[in-house]
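Grab a viewer and work through these exercises at your own pace. Each one sets a task and then walks through a solution.

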Amino acid sequence: MNLILLGAPGAGKGTQAERICEKLNIPAISTGNIIRESVKNGTEMGRRAKSFMDEGRLVPDEVVIGIIKERLAADDCANGFILDGFPRTIPQAQALDNMGVVIDRVVSIEVPDERIVARISGRRVCKDCGASYHIEYKKTAKDGVCDKCGGEVALRKDDAPGTVAERLNVHHEQTEPLKAYYEKSGKLYLVEGQEEIDDTTRLTFEALN
Ligand SMILES: [Zn+2]
């Protein structure tokens with residue numbers, strides 16, 4: 001089965017991708033990971049991506065698409081794959097179609113913005129050892145102090161409410177239209193993200209059956 005997982009940043013689609021991967025035994029392909037991999041392996045597209053990254057620029061669509069194409073041609077994708085983090089825009093979805101990649105299902109994990117902001121802005125990370133905590137779900141024993149190493153536990157800039165809201169706006173503008181794109185071909189399945197990850201997983205598998 002060839003799958004695309006959609007969802008706002010922080011909606012938890014990465015976890016669902018891993019679980020589908022385990023159950024269906026098809027690879028979960030995250031764009032960030034395969035770009036890093038192709039750079040490390042020095043593939044043709046990886047070298048092109050690196051030249052942009054070295055200059056601190058975004059890797060352009062045509063290169064990202066080239067890297068996806070290389071990855072989907074690998075043997076382990078013969079029985080299917082899960083794309084996580086791609087496509088992010090309509091032009092990327094069209095490029096995928098133009099490559100002749102047939103998508104069977106698109107699952108969108110739906111979580112309201114307020115919940116994503118609350119969840120992410122509650123994260124706290126140790127400045128010394130990188131251990132992560134949450135002010136509601138995974139508290140440190142002592143306020144602001146890492147349980148593991150005693151270091152200072154703080155909110156990262158990436159997790160600040162303003163930053164998260166900005167990322168969500170980009171998602172609504174660029175990625176949300178993909179739902180209409182895939183709905184037209186009857187491939188879209190919406191899954192309401194639940195408080196408990198296991199509950200979301202159950203709904204995700206229902207959408208795949
Ligand atoms: Zn620590």
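What percentage of the 209 residues in the protein chain do buried residues make up? Keep in mind that this is a predicted model. Buried residues come to 28% of the chain.

**Exercise 1. Work out whether the chain is as compact as a globular protein of its length.**

Step 1: take stock of the secondary structure, which comes to 9 helices and 8 strands.

Step 2: compare the radius of gyration, 18 Å, with the 17 Å that the globule rule gives for 209 residues. The two values are close, so the chain is as compact as a globular protein of that length.

Step 3: add the extents. Along its principal axes, the C-alpha trace spans about 55 × 40 × 30 Å.

Step 4: check the contacts. Of those with a separation of 6 or more, 66% are between residues 24 or more positions apart.

**Exercise 2. Find the largest nonpolar core and look around I82.**

Step 1: recall the background. Nonpolar side chains tend to be buried together in soluble globular proteins.

Step 2: pick out the core. The largest one here has 36 residues, and L3, L5, I67, I82 and L83 have the most contacts inside it.

Step 3: list what I82 touches, skipping residues up to four places away in sequence. You should get L3, L5, A17, I20, C21, I26, A28 and I29.

**Exercise 3. Decide whether D84 is buried or exposed, and find its contacts.**

Step 1: locate D84, which lies in strand β3.

Step 2: count C-beta neighbours inside 10 Å. D84 has 23 of them, and the cut-off for buried is 20 or more, so D84 counts as buried.

Step 3: leave aside neighbours within four places in sequence. D84 is then in contact with L5, K13, G14, A17, A28, I29 and S30.

Step 4: take one of those pairs. D84 and A28 sit 56 residues apart in sequence, but their C-alpha atoms are 6.9 Å apart in space.

**Exercise 4. Trace how β4 pairs with β1 and β8.**

Step 1: remember that strands of a sheet pair through backbone hydrogen bonds, either parallel or antiparallel.

Step 2: start with β1 (residues 2-7) and β4 (residues 105-110). They run parallel and are joined by 5 bridges; I4 has V106 as its bridge partner in β4.

Step 3: move on to β8 (residues 188-192), which runs parallel to β4 with 5 bridges between them. Here V107 is partnered by Y189 in β8.

**Exercise 5. Give the strand order and pairing sense of the open sheet of 3 strands.**

Step 1: read off the order, β6-β5-β7, with antiparallel pairing. The edges are β6 (132-134) and β7 (153-154), each pairing on one side only.

Step 2: zoom in on β5 (residues 123-126) and β6, which share 3 bridges in the antiparallel sense. In β6, Y133 is the bridge partner of R124.

**Exercise 6. Inspect the backbone at N25 and at the bond between F86 and P87.**

Step 1: set the baseline. Most residues other than glycine have a negative phi, and most peptide bonds are trans.

Step 2: check N25. Its phi is near 55 degrees, a positive value in a residue other than glycine. N25 lies in the loop between α1 (13-24) and β2 (28-30), and is exposed, with 10 other C-beta atoms within 10 Å.

Step 3: check F86 and P87. A cis peptide bond joins them, with omega about -5 degrees. P87 is in the loop between β3 (81-84) and α5 (90-98).

Conventions: Residues numbered from 1 in each chain as written. Predicted model: local features only at pLDDT ≥ 70, side-chain atom pairs only at ≥ 80, totals over all residues. Core = buried A, V, L, I, M, F, W, Y, C linked by C-beta atoms within 7 Å. Buried ≥ 20, exposed ≤ 12 C-beta atoms within 10 Å, placed from the backbone. Contact = placed C-beta atoms within 7 Å. Helix = DSSP H or I, 4+ residues; strand = E, 2+ residues; numbered from the N terminus. Pairing = 2+ DSSP bridges. Rg over C-alpha atoms; globule rule 2.2 N^0.38 Å.
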